[in-house]
Amino acid sequence: MIPFQVLRIDHLVFRVADLDRSITFYEQVLGCQVVKQRLDLGLVHVRAGTSMVDLISITGRLGSRGGVAAGAEGRNVDHLCLRVEPFDEAALVAHLARHGVVPEGPASDNFGAEGDGPSLYFHDPDGNTIELKGPVHSPA
């Protein structure tokens, strides 16, 4: 028997090449807020809803332990999925375009924690894939 229950993702850590550029992206494109900085470690915590995304500089004390930065031959993780509402594809695409971000393609239906619903994929400045996930489709 497992002595605990997983409740939600607490935080995800991305190694990033340019900490300032990444902070700007997560604040301006995703609406996250910086809640704490540990510049001695090259670490910045940004709030993403009830979860956190930690950004660590690849040249900082923590990030340098991970080797070279993510790139064409390797990734930090596969992707980060953020549940958003409302999911208005046209408005999301327009918002991303204002920040020079182009989605990988049109929204598609994918399965997530709540069931099947729309997803839109794009990349952050370090090539990490971000998925914006909308609400589950209502039963027909």
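**Exercise 1. Place Ser-51 in this predicted model: which strand holds Ser-51, and is Ser-51 buried or exposed?**

Step 1. Start with the secondary structure: Ser-51 belongs to strand 4.

Step 2. Now turn to accessibility. The relative accessibility of Ser-51 is 17%. Buried means under 20%, so Ser-51 counts as buried.

Step 3. Finish with the contacts. Leaving aside residues up to four places away in sequence, Ser-51 touches Ile-9, Asp-10 and Val-46.

**Exercise 2. Take one of those contacts, Ile-9. Where does Ile-9 lie, and is Ile-9 buried or exposed?**

Step 1. Ile-9 sits in the segment before strand 1.

Step 2. Its relative accessible area is 58%. The cut-off for exposed is over 50%, so Ile-9 is exposed.

Step 3. For a distance check, pair Ile-9 with Met-52: they are 43 residues apart along the chain, and their C-alpha atoms are separated by 8.3 Å.

**Exercise 3. Work out the sheet: what is the order of the four strands, and which strands stand at the edges?**

Step 1. Write down the order. The sheet is open, its four strands run 1-4-3-2, and the pairing is mixed.

Step 2. Read off the ends. Strand 1 (11-16) and strand 2 (33-38) are the edge strands; each has a single partner strand, so one side of each is left without a neighbour in the sheet.

Step 3. Add the geometry: from one strand to the next, the twist averages 25 degrees.

Step 4. Look at one pairing in detail. Strand 1 and strand 4 run parallel and are joined by six bridges. Here Phe-14 stands opposite Leu-55 in strand 4.

Step 5. Place the helix. Helix 1 (residues 19-28) packs on the sheet and touches strand 1, strand 2, strand 3 and strand 4. The direction of helix 1 makes about 160 degrees with that of strand 4.

**Exercise 4. Describe the largest pocket: what is its volume, how many residues line it, and which strand gives the most to the lining?**

Step 1. The volume of the largest pocket is about 840 Å³.

Step 2. Its lining has 35 residues, and those nearest the centre are Ala-48, Cys-81, Leu-82, Arg-83 and Val-84.

Step 3. Elements giving two or more residues to this lining include strand 3 (43-48), strand 4 (51-57), strand 5 (79-83) and helix 2 (89-98). Strand 5 gives the most, with five residues.

Step 4. Sort the lining by class: 19 residues are nonpolar, ten are polar and six are charged.

Key. Residues numbered from 1 in each chain as written. Predicted model: local features only at pLDDT ≥ 70, side-chain atom pairs only at ≥ 80, totals over all residues. Heavy atoms only, no water. 1 Å grid on protein atoms, 1.4 Å probe; cavity = no way out; pocket = protein on both sides within 12 Å on 5 of 7 lines; lining within 4 Å. Points joined across faces, edges and corners; volume = space filled by probe spheres on them. Nonpolar A, V, L, I, M, F, W, Y, C, P; charged D, E, K, R; others polar. Pairing = 2+ DSSP bridges. Axes fitted to C-alpha atoms, helices over the stretch in contact; angles between N-to-C directions. Contact = heavy atoms within 4.5 Å. Buried < 20%, exposed > 50% of the residue type's maximum accessible area, 1.4 Å probe, protein only.
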